[in-house]
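Subject: Structure for your review

Hello,

Here is the structure I said I would pass on. My notes on what was found in it follow below.

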Amino acid sequence: MSAVYGWFNGMQPAVAAALVSLVVALVTTIATVLIAPSVKYAFDRRLENRKLDLAYRFEQRKALKDHIGRHKGAFLESAEALSGRMQNFHVNEQRGWLEMKGKYVGELAYYPKTFAYRLLLALGTGRVLEREALFIDASVASDDDFNFLKAVKLNALVWRMASLFDQVPYNNEEAKDHFFKDSLASMADSFFEDGKVLSLRQFTTAIDHQEHPYVDVFRFFDGMQAKDGRLRYQRLVCAHLVLMATLNSFGYDFQRTEQGKLREVATLLSAPGVRANLTQLIQRMKLEGDASFAQLIDILAEPAR
């Protein structure tokens, strides 16, 4: 390196300056010809990929919002109707209004028939939301939209997860106080005719047939009371709490339940471990960050009365 400096120092200043300019120009030309195009190409590729990614995310997010917009109102309306019936049942469960004595076909009493209808309507409209959303990339969803889809899924899970009764003797191989997954999905799917949900009149006609698909719901409800020696009422209470939390987060203002009423319903949970198991189910769905479900978790953590 010192020899190079010495070589430049031995030149006339004008000659040295000209030679340096020539070397710089040559290096710049080589860089422009050989390096710059590859750098520009890499940059353009990254920019184009970014544009495609943004376009994809925009289209998927719009598709998801459109899908939710088409079905959210129907789900919330059915959820409100089911929640109202559950609240009514908490007050009147000792009156025997769900007594069917094993008869699940033909002319049934108004109360059990409409209770089953409201449950199936909520499960059916939720099933449409959940099933069709599978074809949309949920990773691009906003936090609110994604939490709504998870809450809809939780409203179905709470009816079938035998793990709610992990701390008490319960045979999870027999769908006595819970529903099997395939049975629940089949009933929800069959609640549609030509793409439209069954009306109460159509449902009444359907259960006139000996082989109608809704027997499991009527069997679940038959003779239910809080102290009938079974766990199904505890499941219904859990489902009601999840339903109210869902309406509090995603429903209209007139569909929301105050904290005192949530706490009042939670006091009906008396089976060992059910509170903790319901909390774990909410956490499994990653909904503990939602304000209403976080509030429900806090209530479930309170000492049972």
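A helix here is a DSSP run of H or I that covers at least four residues, and helices are numbered from the N terminus. With that convention, Lys 286 sits just after helix 10 and takes a positive phi of about 60 degrees. Please keep in mind throughout that this is a predicted model.

Overall make-up

The protein chain holds 11 helices and 2 strands. Read from the N terminus, the order of elements is α-α-α-α-α-β-β-α-α-α-α-α-α. Of the 305 residues in the chain, 43% are buried. The accessible surface of the chain is about 17000 Å², and carbon and sulfur atoms account for 55% of that. Taking contacts between residues at least 6 apart in sequence, 76% join residues at least 24 apart.

Largest pocket

The largest pocket encloses about 370 Å³ of space. Its lining has 23 residues, and those closest to the pocket centre are Arg 127, Glu 130, Ala 156, Arg 160 and Ala 185. By type, the lining splits into 14 nonpolar, 2 polar and 7 charged residues. At least two lining residues come from each of helix 2 (13–92), helix 3 (110–133), helix 4 (143–160) and helix 5 (181–189).

Helix 4 and the loop after it

Val 152 belongs to helix 4. Buried means under 20% relative accessible area, so Val 152, at 3%, counts as buried. Beyond its neighbours within four places in sequence, Val 152 is in contact with Phe 75, Gly 126 and Leu 129. The C-alpha atoms of Val 152 and Thr 125 lie 9.4 Å apart, with their positions 27 residues apart in sequence.

Val 168 is placed in the loop between helix 4 and helix 5. Its relative accessibility is 15%, so Val 168 also counts as buried. Setting aside residues up to four places away in sequence, Val 168 touches Leu 231 and Pro 272. Val 168 and Leu 231 are 63 residues apart along the chain, and their C-alpha atoms are separated by 9.4 Å.

Nonpolar core

In soluble globular proteins, nonpolar side chains tend to be buried together. In this model the largest nonpolar core has 77 residues, and Trp 159, Tyr 214, Phe 221 and Leu 241 have the most contacts inside it. Helix 8 gives the largest share of this core, with 12 residues. Leu 241 touches Leu 262, Val 265, Ala 266, Leu 269, Leu 278, Leu 296 and Leu 300, residues up to four places away in sequence not being counted.

C-terminal helices

Which residues of helix 10 are buried? In this helix, residues 274–284, they are Val 274, Arg 275, Asn 277, Leu 278, Thr 279, Leu 281 and Ile 282. The buried residues of helix 10 pack against helix 4, helix 8 (232–250), helix 9 (259–266) and helix 11 (291–301).

Ser 292 is found in helix 11. Its relative accessible area is 12%, so Ser 292 is buried. Apart from neighbours within four places in sequence, Ser 292 is in contact with Ala 245, Asn 248 and Ser 249.

Regards

Conventions: Residues are numbered from 1 along each chain as its sequence is written. This is a predicted model: local features need pLDDT of at least 70, side-chain atom pairs count only at pLDDT 80 or more; totals for chains, interfaces and linings use all residues. Side-chain values use heavy atoms; hydrogens and water are left out. Buried means under 20% relative accessible area, exposed over 50%, partly exposed in between (1.4 Å probe, protein chains only). Contact means heavy atoms within 4.5 Å. Accessible areas come from the Shrake-Rupley method with a 1.4 Å probe; for residues, only the protein chains shown count as cover. On a 1 Å grid over the protein atoms alone, a cavity is a set of points where a 1.4 Å probe fits but cannot get out, and a pocket is an open set with protein on both sides within 12 Å along at least five of seven lines; lining residues have an atom within 4 Å of a point. Grid points are joined across faces, edges and corners, and a volume is the space filled by probe spheres set on the points. Ala, Val, Leu, Ile, Met, Phe, Trp, Tyr, Cys and Pro count as nonpolar, Asp, Glu, Lys and Arg as charged, and the others, Gly among them, as polar. A nonpolar core is a set of buried Ala, Val, Leu, Ile, Met, Phe, Trp, Tyr and Cys residues joined through side-chain atoms within 4.5 Å.
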